[in-house]
Every structure is written in C-alpha cells, then in structure tokens.
Amino acid sequence: MSAVYTRVIMLLEKRVPAKMMPFWQHPAGPKTIHFWAPFFKSGLVIAGLSDLKRPVEKLSFSQSLSLGLTGCIWSRYCTVIIPVNWYLFSVNLFLGGVGATQCCRVLLYRQELEKEGKVLPPLF
C-alpha cells in the first residue's frame, strides 16, 4: 500500500497550484494522516448535528456521552502532539459540543418526564 500511496501523492503533487504548496507541504497537510483522520472524523460531527432533528426519546444517552467525552479528551491530545493539529482539535471540540448538547437534551427530557410522574427507563 505504501508504494501505491506514494505514487498517487507524487502524481497529485504535480497538479497542486503554487499557492497551495505551503498547505500541501505542511506537516499536518493532506499528504499525512494528520489531515485525513480529522477529515473523516468530521463525519461523526455531521451525524451528531443531524441528530439534533431527531426526537429526544430516540437518542442514546450513552452514545452521546461517549461522543462528548471522546471529543473533550482528544481535544487536549491534539494540542500536545507534534505537529500540533488544530484541524483535529477543532473537529474534536465540535464533537464534544455536539455530544454535550445531546446529553443535555436527554437529561432535560427525562426531567420533564419525572415532573409528569412517568416511569423512566434506565440511562445506560
């Protein structure tokens, strides 16, 4: 795979405009995993944002909590690694925010049900 990847990168590099070369050559640029990991992880953020339209009773608290915690924990890691990856930091920050928002929605919904005296299913 490494030889195929190297060949593809060499072919693409010939087509990169001169103005884009600093971005292309950056240690966290598209030639490295430091770029592609957050690119694909942003799919989790998009999925979380689409869940904002979902009815609260269909949300999973444990899934939202794990996404929120993952985003918060890995946001810190992104500032410690070399090269510092601000793109990955921002994706993780948004992931933490989306997870926290969904957790708040679930907890507020459960609080509303408690006021009505309804039996609540377990959170986990």
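**Close-up views of a predicted all-helix model**

**Figure 1. Ile73 in helix H4.** Ile73 is part of helix H4, the helix that runs over residues 61-78, and the model in which this residue is shown is a predicted one. With a relative accessible area of 55%, Ile73 is classed as exposed, because the cut-off for that class is over 50%. The partner marked in this view is Gly96, which is 23 residues from Ile73 in sequence, while the two C-alpha atoms are 8.6 Å apart in space.

**Figure 2. The protein as a whole, for orientation.** The secondary structure consists of five helices and zero strands, so that the pattern read along the sequence is α-α-α-α-α. The C-alpha trace spans about 65 × 30 × 25 Å along its principal axes, and the radius of gyration is 20 Å, whereas a compact globule of 124 residues would have a value near 14 Å. Two domains are assigned, with domain 1 covering residues 1-27 and domain 2 covering residues 32-116, and the centres of these two domains, taken over C-alpha atoms, are separated by 31 Å. Of the 124 residues in the protein, 29% are buried. When contacts between residues at least 6 apart in sequence are considered, 60% of them join residues at least 24 apart.

**Figure 3. Surface and charges.** The protein exposes about 8,700 Å², and carbon and sulfur atoms supply 70% of that area. There are 14 positive and 6 negative charges, and the mean position of the positive charges is 16 Å from the mean position of the negative ones.

**Figure 4. Ser75 and its contacts in helix H5.** Ser75 is located in helix H4, and its relative accessibility of 6% places it among the buried residues, because the class takes in values under 20%. Once neighbours within four places in sequence are set aside, the residues in contact with Ser75 are Phe89, Asn92 and Leu93. Helix H5, which is drawn alongside, comprises residues 86-115.

**Figure 5. The loop between H4 and H5.** Thr79 has its place in the loop that connects H4 and H5, and Pro83 belongs to the loop between H4 and H5 as well. The peptide bond that leads from Ile82 to Pro83 is cis, with omega near 0 degrees; for context, most peptide bonds are trans. Thr79 is partly exposed, at a relative accessible area of 28%, and, not counting residues up to four places away in sequence, Thr79 touches Val84, Trp86 and Phe89. For Phe89, one of these partners, the C-alpha atom is 7.1 Å from that of Thr79, although the two residues are 10 residues apart along the chain.

**Figure 6. Leu95, a buried residue of helix H5.** Leu95 sits in helix H5, and with a relative accessible area of 1% it is buried. Apart from neighbours within four places in sequence, the contacts of Leu95 are with Lys41, Leu44, Val45, Leu67, Gly68 and Gly71. The view also includes Cys72, which lies 23 residues from Leu95 in sequence and 7.9 Å from Leu95 in space, taken from C-alpha to C-alpha.

**Figure 7. Gln102, a buried polar side chain of helix H5.** Gln102 is found in helix H5, and its relative accessible area of 3% makes it a buried residue. With residues up to four places away in sequence left out of the count, Gln102 touches Gly48, Asp51, Leu52, Leu59 and Ser64.

**Figure 8. Ser62 and the last residues shown.** Ser62 is placed in helix H4 and, at 33% relative accessibility, counts as partly exposed. When neighbours within four places in sequence are left aside, Ser62 is in contact with Leu123 and Phe124. A further pair marked in this view is Ser62 with Cys103, whose C-alpha atoms are 8.4 Å apart in space while the residues themselves are 41 residues apart in sequence.

Notes:
Residues are numbered from 1 along each chain as its sequence is written. This is a predicted model: local features need pLDDT of at least 70, side-chain atom pairs count only at pLDDT 80 or more; totals for chains, interfaces and linings use all residues. Side-chain values use heavy atoms; hydrogens and water are left out. Helices (H or I, at least four residues) and strands (E, at least two) are DSSP runs, numbered from the N terminus. The radius of gyration is taken over C-alpha atoms; the globule rule is 2.2 Å times the number of residues to the power 0.38. Buried means under 20% relative accessible area, exposed over 50%, partly exposed in between (1.4 Å probe, protein chains only). Contact means heavy atoms within 4.5 Å. Accessible areas come from the Shrake-Rupley method with a 1.4 Å probe; for residues, only the protein chains shown count as cover. Lys and Arg count as positive and Asp and Glu as negative; His and the chain ends are not counted. The place of a charge is taken as NZ of Lys, CZ of Arg, CG of Asp or CD of Glu. Domain bounds come from an automatic or database domain assignment.
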